[in-house]
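Biologist: I have not looked at this structure before. Could you take me through it, one topic at a time?
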Amino acid sequence: MKIIIEKDYESLSTTAANIIKEEIEKKEDLLLGLATGSTPIGTYKELIRLHKEEGLDFSKVVTFNLDEYLNIPYTNPNSYHYFMEENLFKHINIPKDNIHIPDGNAEDVEKFCREYDKKIEDCGGIDLQILGIGENGHIAFNEPDDELYLGTHITGLTESTIKANSRFFDSIDEVPKEAITMGIGSIMKSKKILLLANGEKKAPVICELLKQEKVSTRIPASLLLLHPDVVVILDELAAKNYLKEI
Ligand code: GLP
């Protein structure tokens with residue numbers, strides 16, 4: 001696990017975007033796994049700038065998003081479809097057909113989940129996966145539990161995640177209680193993983209993770225310790241507790 005600590009959110013975002021840029025330049029048809037949440041917004045902004053000002057080309061890039069709420073209209077600004085369109089896709093030259101986001105409104109969601117993993121495999125597997133992390137250690141919507149699913153699946157959200165995500169909704173009652181998410185197996189199959197975390201709220205879970213002492217399904221992100229190519233990019237606030245320990 002390579003750890004990069006940046007001074008602030010802005011430099012974290014620039015560093016992350018530059019790593020993505022290098023990977024696209026190495027492989028123009030990169031299979032890029034994307035995350036939502038507030039963490040990657042700055043990275044996406046910088047990717048948009050790199051596209052507009054430096055000609056970074058997304059015309060052959062293929063994307064697969066990690067997750068989506070269940071039964072949420074895609075016109076709802078809190079849906080991850082809406083989020084991706086607004087924060088990235090509408091500003092870059094990626095063809096619509098190259099974009100994949102779990103369909104929380106599919107007629108047969110179970111079938112959709114099976115097909116999503118198959119599609120990723122058929123496309124050659126994810127080259128670079130971007131990840132945020134929940135305050136409780138969740139990645140995508142793989143919540144702390146006794147067991148974790150490997151493939152894309154439907155999952156309930158924990159109270160802690162519902163509470164954390166309610167900041168985007170008018171009231172906590174509006175936060176969907178279920179979601180589709182790639183599983184831990186789908187994520188671990190990625191060739192390279194970029195985990196981003198900023199802000200003080202993430203400091204305790206980041207400290208636990210970076211001690212690199214043990215893996216636990218109670219901290220789903222800790223499973224990343226078993227992956228051979230993970231880069232963690234933090235700002236100083238998220239790294240605070242970790243820096244005190246070392
Ligand atoms: C959400 C998403 C995750 C995201 C995490 C952290 O629930 N499903 O993919 O990484 O929570 O979100 P944020 O970046 O807003 O802190």
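Modeller: Let us begin with Gln-212, which sits in the loop between α7 (203-210) and β10 (230-235). Please keep in mind that this is a predicted model.

Biologist: What is the phi of Gln-212?
Modeller: The phi of Gln-212 is positive, about 55 degrees, although the residue is not a glycine. Gln-212 has a relative accessibility of 38%, so it counts as partly exposed.

Biologist: Which other residue that is not glycine has a positive phi near 55 degrees?
Modeller: Asn-71 has such a value. Asn-71 is placed in the loop between β4 and α3.

Biologist: And is Asn-71 buried or exposed?
Modeller: Asn-71 counts as exposed, because its relative accessibility is 60% and the cut-off for exposed is over 50%.

Biologist: Let us turn to the sheet. In what order do the 7 strands of the open sheet run?
Modeller: The order is β1-β10-β9-β6-β2-β3-β5, and the pairing is parallel. The edges are taken by β1 (2-6) and β5 (99-100); each has a single partner strand, so one side of each has no neighbour in the sheet.

Biologist: How many bridges pair β2 with β3?
Modeller: Strand β2 (residues 31-34) and strand β3 (residues 62-65) pair over 4 bridges in the parallel sense. Within this pairing, Leu-31 has Val-62 of β3 as its bridge partner.

Biologist: Which strand is joined to β7, and in what sense do they run?
Modeller: β7 is joined to strand β8 (residues 178-181) by 4 bridges, and the two run antiparallel. Opposite Glu-178 in β8 stands Gly-156.

Biologist: Where do the side chains along β7 point?
Modeller: They alternate along residues 153-156. His-153 and Thr-155 point to one face and are buried, whereas Ile-154 and Gly-156 point to the other face and are not buried.

Biologist: New topic: empty space. What is the volume of the largest pocket?
Modeller: The largest pocket has a volume of about 630 Å³. It is lined by 33 residues, and those closest to its centre are Thr-36, Gly-37, Ser-38, Asn-165 and Arg-167.

Biologist: Which element supplies the largest share of that lining?
Modeller: That is α5, with 4 residues. At least two lining residues come from each of β4 (67-69), α3 (80-87) and α5 (159-165).

Biologist: How many cavities of 30 Å³ or more are there?
Modeller: The search of the whole structure finds 1. The largest cavity has a volume of about 80 Å³, and its lining includes Glu-208, Lys-211, Val-215, Ile-219 and Leu-225.

Biologist: Now for charges. How many salt bridges does the search find?
Modeller: It finds 19 salt bridges in the whole structure. One of them joins the side chains of Arg-49 and Glu-53, at 2.9 Å from N to O.

Biologist: Where do Arg-49 and Glu-53 lie?
Modeller: Both lie in helix α2 (residues 41-54), 4 residues apart, which is about one turn of the helix. Arg-49 is partly exposed, with a relative accessible area of 28%, and Glu-53 is exposed, at 58%.

Biologist: What about Lys-96 and Glu-85?
Modeller: Their side chains meet in a salt bridge of 3.7 Å, N to O. Lys-96 is in the loop between α3 and β5 and Glu-85 is in helix α3, so the pair ties together parts that are 11 residues apart in sequence.

Biologist: And how far apart in sequence are the parts tied by Arg-218 and Asp-145?
Modeller: The closest N and O atoms of this salt bridge are 4.0 Å apart. Arg-218 belongs to the loop between α7 and β10 and Asp-145 to the loop between β6 (128-131) and β7, so the parts tied together are 73 residues apart in sequence. Arg-218 is partly exposed at 43% relative accessibility, and Asp-145 is partly exposed at 39%.

Biologist: Which residues are joined into one network by salt bridges that share partners?
Modeller: Those are Lys-27, Asp-29, Asp-127 and Lys-191.

Biologist: Finally, the surface. Which residues form a nonpolar patch there?
Modeller: Ile-5, Leu-243 and Ile-246 form one, with about 270 Å² of accessible area together. Ile-246 is found in the segment after α8 (236-245) and is exposed, with a relative accessible area of 66%.

Key
Residues are numbered from 1 along each chain as its sequence is written. This is a predicted model: local features need pLDDT of at least 70, side-chain atom pairs count only at pLDDT 80 or more; totals for chains, interfaces and linings use all residues. Side-chain values use heavy atoms; hydrogens and water are left out. Patches are made of residues with over 30% relative accessible area and no salt bridge: like charges are joined within 9 Å, nonpolar side chains (Val, Leu, Ile, Met, Phe, Trp, Tyr) within 5 Å. Accessible areas come from the Shrake-Rupley method with a 1.4 Å probe; for residues, only the protein chains shown count as cover. Buried means under 20% relative accessible area, exposed over 50%, partly exposed in between (1.4 Å probe, protein chains only). Two strands pair if DSSP finds at least two bridges between them. On a 1 Å grid over the protein atoms alone, a cavity is a set of points where a 1.4 Å probe fits but cannot get out, and a pocket is an open set with protein on both sides within 12 Å along at least five of seven lines; lining residues have an atom within 4 Å of a point. Grid points are joined across faces, edges and corners, and a volume is the space filled by probe spheres set on the points.
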